[in-house]
Amino acid sequence: MQMSDSTIGIDAPGDSEAEVARVMQICNACRYCEGFCAVFPAMTRRIEFGKADAHYLANLCHNCGSCLHACQYAPPHEFVLNVPRAMARLRGKTYADYAWPSCMGAAYRHAGGSLVLALLASLLLFALLPAGQVFQSVDRPGDFFALFPHGTLVWMFGAVFAFAALALGVGVGRFWREVSPGVPNVPAASEAARSILTLKYLDGGHGEGCNNEDDAFSLWRRNFHHLTFYGFLLCFAATLAATVYHYVLGIPAPYALNSVPVLLGTAGGIGLVVGPAGQLWSNLRRHPLHGDPAQRPLDRGFMVLLLLTSASGLALLAWRDTVAMGVLLVVHLGAVMAFFLTLPYGKFAHGIYRSAALLKWAIEKRQASGLKLGSD
Ligand code: SF4
Ligand code: SF4
């Protein structure tokens, strides 16, 4: 379906939950998009869409755009039906509503500012910590711990990461309880894990991919997501390997280029450069009716932060034996710290909430439908 720029900015009335309920009522009567993703079969199990249902469905949506381009009621139709936008708006509200502590919900609403603040504060902290030695060469080239003692870094990052995991866990726990997921079982958990690890619902339901800038299908968004996701996991594995080297094997950093931590970190770093750069490129080209324009600072800020983290990490590896090591280390540690600080209050949260929604869907589809109206 062709949609002109004149339709930009047309939004249906009502708050986010009410708008999701409205679009789902219309879709429930139409059901043309039933095979596109999990949202529509989950929708057919309901005839009313209360707050918890709306939040669940919003987080089940992967914002692939297919149902916008297929819809006969999309703008400029008088129904102004834009399912991806309604879902995206409510997802943003989910993160804020369920945030812990509750006051930190404001960080989502001002995601761009929060991220910039976290990054500047982190960079300043690491620039000041070594008391001006950043620009001086160190006795042992590549020895990061000559500038920042290993124990200090472990405590700083460990404490912030533990808090971030707790905050995210409490927030998602609140969401999980409210959407009444039922009891997880092995088949449901493995199906949800497969959907998460393969990003199943970014294939458009037909395997050809999402819509991005127009009604053509593309798998690029899914590929870039995969590079980001698996790049992140490889970097995490590199950190675990370095921990084993340090504490179990008693081998202090810096590690050789062919060591396990460096090989894992390099592969992960490359994934975390290409993936977020590709996602940013896709995001800048996205159709103006996709997603929630108000959340662009949240989306793009997160991609830029990931890029800064990975690019500074790779640059640090390349120039760790030079006088530039100190400055690169400050930038890298500052970026990683900003990433940790914003972990529970930024875009990272979408992966956790969506995983919870996918698990609920995998549980729910195995239960008998109370309505006996849908394809289930
Ligand atoms: S998005 Fe449009 S075409 Fe798809 S089910 Fe809803 S009303 Fe029907
Ligand atoms: S945008 Fe994609 S994932 Fe979201 S409801 Fe529409 S078809 Fe499903």
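Here are a few friendly exercises on this predicted model, each with a worked solution.

**Exercise 1. Find which residues surround ligand 1, and which helix gives the most to the shell.**

Solution.
- Step 1: Start at the ligand and look outward. The shell around ligand 1 holds 13 residues.
- Step 2: Pick out the closest ones, which are Cys-27, Cys-30, Tyr-32, Cys-33 and Cys-71.
- Step 3: Turn to the helices. Helix 1, covering residues 16-30, contributes the most to this shell, with 3 residues.
- Step 4: Sort the shell by class. There are 11 nonpolar residues, 1 polar and 1 charged.

**Exercise 2. Locate two cis peptide bonds that end in a proline, and say where each proline lies.**

Solution.
- Step 1: Recall what to expect. Most peptide bonds are trans.
- Step 2: Go to Trp-100 and Pro-101, which are joined by a cis bond with omega of about -10°. Pro-101 sits in the loop between helix 5 (83-97) and helix 6 (105-109).
- Step 3: Move on to Ala-253 and Pro-254, where the peptide bond is also cis and omega is near 5°. Here the loop runs between helix 10 (220-248) and helix 11 (260-285), and Pro-254 lies in it.

**Exercise 3. Arg-31 and Asn-63 have a positive phi; decide whether each is buried, partly exposed or exposed.**

Solution.
- Step 1: Note the background. Most residues other than glycine have a negative phi.
- Step 2: Read the angles. Phi is near 65° for Arg-31 and near 55° for Asn-63.
- Step 3: Place the residues. Arg-31 belongs to the loop between helix 1 and helix 2 (39-43), while Asn-63 is in the loop between helix 3 (51-60) and helix 4 (66-69).
- Step 4: Count C-beta neighbours. Arg-31 has 14 of them inside 10 Å, so Arg-31 counts as partly exposed. Asn-63 is buried because 25 other C-beta atoms lie within 10 Å, and the cut-off for buried is 20 or more.

**Exercise 4. Describe the largest nonpolar core, then follow the contacts of Ala-338.**

Solution.
- Step 1: Take the size. This core has 87 residues.
- Step 2: Name the residues with the most contacts inside the core: Val-20, Val-39, Leu-57, Leu-60, Met-87 and Ala-338.
- Step 3: Ask which helix gives the most to the core. That is helix 13 (residues 325-342), with 13 residues.
- Step 4: Set aside the neighbours of Ala-338 within four places in sequence. Ala-338 is then in contact with Leu-115, Ala-118, Leu-119, Ser-122 and Leu-305.

Conventions
Residues numbered from 1 in each chain as written. Chains lettered and ligands numbered in written order. Predicted model: local features only at pLDDT ≥ 70, side-chain atom pairs only at ≥ 80, totals over all residues. Near = placed C-beta within 6 Å. Helix = DSSP H or I, 4+ residues; strand = E, 2+ residues; numbered from the N terminus. Nonpolar A, V, L, I, M, F, W, Y, C, P; charged D, E, K, R; others polar. Buried ≥ 20, exposed ≤ 12 C-beta atoms within 10 Å, placed from the backbone. Core = buried A, V, L, I, M, F, W, Y, C linked by C-beta atoms within 7 Å. Contact = placed C-beta atoms within 7 Å.
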